[in-house]
Amino acid sequence: MSQPDPFAGLRGDNLVPPPSNVDAEQALLGAILTNNKAFDLTPFLRPEMFAVEAHRWLYQQIKRQIEAGINVTPVTLRNELLSSPQLEAVGGIGYVAKLLDACVGIINAPDYGWAIKDAWERRTILDLTTQARSEVLSGEGLQTGDILHRLETGLLDLAGVETKRTVWSGGDAAAEAISEAESAFKSGSGIIGASTGFRGLDDALGGLEEGTFNVIAGRPGQGKTGAALGVAVRSAVQSGLPTLYWSGEMSAKSLTRRLIAAWTGISVNAIRTGYREVPSRYSDGETERVKLTQRDFDALVEAERAIHKLPLFICDQSAISVTGLQAVARGLARKHGKLGLVVVDYLDLMSASSSRLEQTAKTTEISQGLLHTGKSLGVPMLILQQLNREVDKRDDKRPTLSDLRNSGQIEQDADSVTFIYREHYYLSKQKPERRERESEMDFLDRESRWRDQLEETKDKAEFLNRKNRHGEGRDIPMRFDGPRTWFSDPSEKVGARPW
């Protein structure tokens, strides 16, 4: 049978057509039209894997009818065949008859399918490298790192095609769900996937399941980074698997100072400057600066050793793209076998594919990219995000889902959304001032009540879970240690080791 040339337009003295296996495409299509069971023998194929446009079109029509429960034959396809410009280019309906004549049975259908897939993979490699070459030579000021990330991601995606199961029978999916429940029961933790390291949050979410998109959000000063760093470290310790923490705002050194502060109880500022603030020996209510002691430095060295043992990896590349983050994550996964968690601090600091995108479109693109990252890597994602300013204008400062900045796509993508709320933060900004015609006694009484409230809420915080695909939302009481910028469960001993 004569073969259509899918690359006729590329013929030339110095051009070699990309790889294809037209014989295999013809043989497989003929086998499927003769016996639809041949379709089931090649579940890894997709229409775009066919090199010949007419074959891509025909396979798509066959696929559509089989998935609709129709036994596909040239008769069931007659209307589509008669009106197809793609098929007309290779001989029209008479070409289908030639496909049927060429069929020699379905026993070799898997071999035909793998030959088609192999040729498609080779064409894809050519496309990726050709695109990279074009970007290198374009002179458009593209960052070398972005070109490398796109090329690496494309090649890794190609290598991983169909390695992750995407089609399940109801029975198989139910068996997998029961198996996970049994594992959680036997472990005694009651969680599936990675632990957050906080008992209250684990009880609410049931853990961070592989491939899920989990959001922690709050206004500046509420402790988002402290909460995320706590989850990252504790999850890594409990699972023994590496955690990747991307920070778009703070350097790796600054984040490590926070871990040292959490371990030692020495404030971040004292670690940075070598001096700590202590109550003044000469004036009540005042403070003075004193140098850190040898005992303090011994504690810092102990903290460094503890941090060195953590399977925690911090990436502080500014304005990283989703493909850049994927490349870092894949590199760690290759080196260590598997990732336990990826933390993004925070979403709006990542870069989109184009700087010309409006903020909402940028957020949508990044959110969708991070969702895909978690699913393709089989790792839970913990995404930090800011809240808009409207929450500060209300009397009730407890956040709601509508307070998420550019919230539409994030709220839709998220498996869970948890807000951080510290009443003490807002009370500290509301110091009473004496009102007109208010007596001094009334003012002092009101100020005293404010100070009592301030003291009562000093170490209290709440995690407000407002979306949970796997259960009901709830308010989770937490303890917050301001000087150490560290969260803990109320059941933990005050001043206990942070991990």
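**Exercise 1.** Find which residue of E10 stands opposite leucine 464, and work out how the strands around this pair are joined.

*Solution.* Start with the pair itself: leucine 464 faces aspartate 475 in E10. This is a predicted model, where local features need pLDDT of at least 70, side-chain atom pairs count only at pLDDT 80 or more, and totals for chains, interfaces and linings use all residues. Residues are numbered from 1 along each chain as its sequence is written, and side-chain values use heavy atoms, with hydrogens and water left out.

Next, zoom out to the strands (DSSP runs of E, at least two residues; helices are runs of H or I, at least four residues; both are numbered from the N terminus). E9 (residues 460-468) and E10 (residues 475-481) run antiparallel and are joined by 5 bridges. Pairing takes at least two bridges found by DSSP. The two strands make a hairpin, with 6 residues between them.

Now carry on to E11 (residues 486-488), which pairs with E10 in the antiparallel sense over 3 bridges. Here phenylalanine 480 has phenylalanine 487 as its bridge partner, and aspartate 481 sits opposite tryptophan 486. This hairpin has 4 residues between its strands, and threonine 485 in the turn has a positive phi of about 45 degrees.

**Exercise 2.** Place these strands in their sheet: what is the strand order, and which are the edge strands?

*Solution.* The order is E5-E2-E6-E7-E1-E8-E9-E10-E11, an open sheet of 9 strands with mixed pairing. E5 (312-315) and E11 are the edge strands, each pairing on one side only. From one strand to the next, the twist averages 25 degrees.

**Exercise 3.** Is asparagine 465 buried or exposed, and what does asparagine 465 contact?

*Solution.* First, locate asparagine 465: strand E9. With a relative accessible area of 1%, asparagine 465 is buried (under 20%; exposed is over 50%, partly exposed in between, using a 1.4 Å probe and protein chains only). Then look for partners: leaving aside neighbours within four places in sequence, its contacts (heavy atoms within 4.5 Å) include Leu205, Val417 and Arg474. Finally, a polar atom of the asparagine 465 side chain lies 3.2 Å from the backbone oxygen of valine 417.

**Exercise 4.** Which residues of H14 are buried, and what do they pack against?

*Solution.* List the buried set in H14 (residues 294-308): Asp296, Leu300, Ala303, Ala306 and Ile307. Looking down the axis of H14, they fall within an arc of 120 degrees (from directions axis to C-beta), so they line one face. That set packs against H12 (252-264), H13 (268-273) and E3 (275-279). On the face turned away sit the exposed Gln294, Arg295, Arg305 and His308.

How values were computed
Expected span 1.5 Å × (residues − 1). Polar contact = N/O pair within 3.5 Å; in protein donor to acceptor, adjacent residues only side chain to side chain. Axes fitted to C-alpha atoms, helices over the stretch in contact; angles between N-to-C directions.
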